[in-house]
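Here is a short tour for anyone meeting this protein for the first time. Keep the structure open beside the text and look up each part as we come to it.

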Amino acid sequence: MRAARLIKMVLLLQSRPAMTAAELARELEVSERTVTRDAQALSEAGVPVYAERGRVGGYRLVGGYRTRLTGLARSEAEALFLSGVPGALREMGLEDAASAARLKVSAALLPSLRDAPDTAAQRFHLDAPAWFREPETPALLPVLAEAVWDDRRVGAVYRRGETAVERLLEPYGLVLKAGVWYLCARVAGGGSFRTYRIDRFDGADALGERFDRDPDFDLPGFWAEQAERFARSILRAEVVVRLSPEGVRRLPHAVDPLGAREALRSPGEPDAGGWVTVTLPVESEEVAHGQLTALGAEAEVLAPESLRERFAADAARIAALYRRTDDR
């Protein structure tokens with residue numbers, strides 16, 4: 001436990017010019033007194049940790065000291081080789097760079113850990129695209145990926161419906177969602193951040209000029225916010241549904257997950273048979289009809305009346321179909 005903490009402390013000091021005792025205590029989740037003892041232990045072990053006193057003091061490593069990767073455990077070494085997504089790297093044009101990086105890391109590992117890339121690859125594989133779909137790599141993805149890594153502005157032509165618009169973009173990040181690539185960027189000059197489907201770009205040229213990234217931009221947080229906003233924007237209608245206990249269990253697998261969560265957050269009181277009544281946000285009556293059909297007899301639509309009538313008609317047709325089968 002302490003050995004792992006000492007290694008982490010060295011790596012933290014290696015990545016920054018200096019850190020205060022309070023900052024180290026927060027990162028290591030220990031007290032400042034423990035930080036002081038750990039720094040003394042490292043110094044006694046030959047790691048040149050220097051403590052500067054005073055208001056702007058702190059801890060730092062002397063003389064550009066760097067540790068090596070020989071302290072990696074097997075689990076850490078294997079996890080390192082899971083951090084890349086080979087297919088995504090290949091599509092972005094970064095496969096050669098990733099391969100070179102893996103070779104350099106492998107060369108620095110202890111001999112007993114050299115097989116970590118192979119053991120990890122045989123235990124984990126990420127297949128990002130959705131089922132029953134042949135993914136296509138957008139032709140302009142490598143250009144946009146290079147611009148993202150280099151913080152270069154991009155002159156782009158983007159299709160919105162039947163029209164094409166020209167934009168000078170500052171590309172901040174790439175997202176691969178269910179086999180579809182997206183670019184998170186903003187219009188040059190301080191516009192708002194937006195999401196663009198890369199397969200809808202008709203043209204993109206990385207320009208020579210660089211832009212200064214907004215240090216407060218958080219790609220995972222931005223994507224999560226955009227994804228939820230999109231999901232909410234399409235749930236424009238509501239249906240009232242009565243669900244059996246099995247229907248409650250299967251609802252999140254049949255309808256939009258966000259709609260299911262909101263519906264099940266405050267269900268009505270269960271009746272004697274355990275059935276509950278919920279109000280379900282849906283995209284439209286047509287979509288709700290297709291989704292709720294999958295629940296069969298585990299769901300009863302109560303409103304709107306037009307949707308209830310559609311299910312009643314479905315039930316009548318199915319009953320008639322099976323009656324004809326019995327008469328054969």
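## What counts as buried

A residue counts as buried when its relative accessible area is under 20%, and as exposed when that area is over 50%; anything in between is partly exposed. At 1% relative accessibility, Tyr196 therefore falls in the buried class. Bear in mind as you read that this is a predicted model.

## The whole protein

Let's start with the big picture. The protein has 328 residues, and 30% of them count as buried. Its secondary structure adds up to 13 helices and ten strands.

The accessible surface is about 20700 Å², with 52% of it belonging to carbon and sulfur atoms. Now for how the chain meets itself: among contacts with a separation of 6 or more, 61% are between residues 24 or more positions apart.

## A sheet of five strands

Next, find the open sheet, whose five strands run in the order 6-5-4-3-7 with antiparallel pairing. Strand 6 (193–197) and strand 7 (201–210) sit at the edges, each pairing on one side only. From one strand to the next, the twist averages 45 degrees. Helix 8 (residues 141–150) packs on this sheet and touches strand 3, strand 4 (163–177), strand 5 (180–187) and strand 7. The direction of helix 8 makes about 70 degrees with that of strand 4.

Strand 3 (residues 152–160) is a handy one to follow. With strand 7, strand 3 pairs in the antiparallel sense over six bridges. You can pick out Val157, whose bridge partner in strand 7 is Gly203, and Gly155, which stands opposite Asp205 in strand 7. Strand 3 also pairs with strand 4, again in the antiparallel sense, over seven bridges. There, Val154 has Leu169 of strand 4 as its bridge partner. Strands 3 and 4 make a hairpin with two residues between them, and Gly161 in the turn has a positive phi of about 65 degrees.

## Aromatic rings

How many aromatic pairs does the structure hold? There are ten. Take Tyr196 and Phe201: their ring centres are 5.9 Å apart and their planes are at 40 degrees, so this pair is tilted. The tilted class covers planes that are neither under 30 degrees apart nor over 60.

We already met Tyr196 as a buried residue, at 1% relative accessibility. Its partner Phe201 is buried too, with a relative accessible area of 7%. Elsewhere in the list of rings, Tyr172, Phe193, Phe211, Phe217 and Phe222 form one aromatic cluster.

## Strand 9 and Val278

Now move along to strand 9 (residues 276–282). Five of its seven residues are buried, so strand 9 is largely enclosed by the rest of the structure. Strand 8 (residues 237–243) pairs with strand 9 in the antiparallel sense over seven bridges. In that pairing, Val240 stands opposite Thr279 of strand 9.

Zoom in on Val278, which lies in strand 9. Is Val278 buried or exposed? Val278 has a relative accessible area of 2%, so it is buried. Not counting residues up to four places away in sequence, Val278 touches Val239, Val240, Val241, Leu243, Ala263, Leu264 and Pro267. As for Val301, which is 23 residues from Val278 along the chain, the C-alpha atoms of the two are separated by 9.9 Å.

## Pro267, a loop residue

One of those contacts deserves its own stop. Pro267 lies in the loop between helix 11 (257–265) and strand 9. At 38% relative accessibility, Pro267 counts as partly exposed.

Which residues is Pro267 in contact with, leaving aside its neighbours within four places in sequence? They are Val276, Thr277 and Val278. Pro267 and Val278 are eleven residues apart along the chain, and their C-alpha atoms are separated by 5.1 Å.

## One face of helix 12

Last stop: helix 12 (residues 285–293), where Ala288, His289 and Leu292 are buried. Seen down the axis of helix 12, the buried residues fall within an arc of 105 degrees, so they line one face of the helix. The general rule behind this is that an α-helix has 3.6 residues a turn, so residues three or four places apart point the same way.

Definitions and conventions: Residues numbered from 1 in each chain as written. Predicted model: local features only at pLDDT ≥ 70, side-chain atom pairs only at ≥ 80, totals over all residues. Heavy atoms only, no water. Pairing = 2+ DSSP bridges. Helix = DSSP H or I, 4+ residues; strand = E, 2+ residues; numbered from the N terminus. Axes fitted to C-alpha atoms, helices over the stretch in contact; angles between N-to-C directions. Contact = heavy atoms within 4.5 Å. Buried < 20%, exposed > 50% of the residue type's maximum accessible area, 1.4 Å probe, protein only. Arc of directions from axis to C-beta. Phe/Tyr/Trp six-rings, centres within 6.5 Å; stacked < 30°, edge-to-face > 60°. Areas by Shrake-Rupley, 256 points an atom, 1.4 Å probe, with all protein chains shown as cover.
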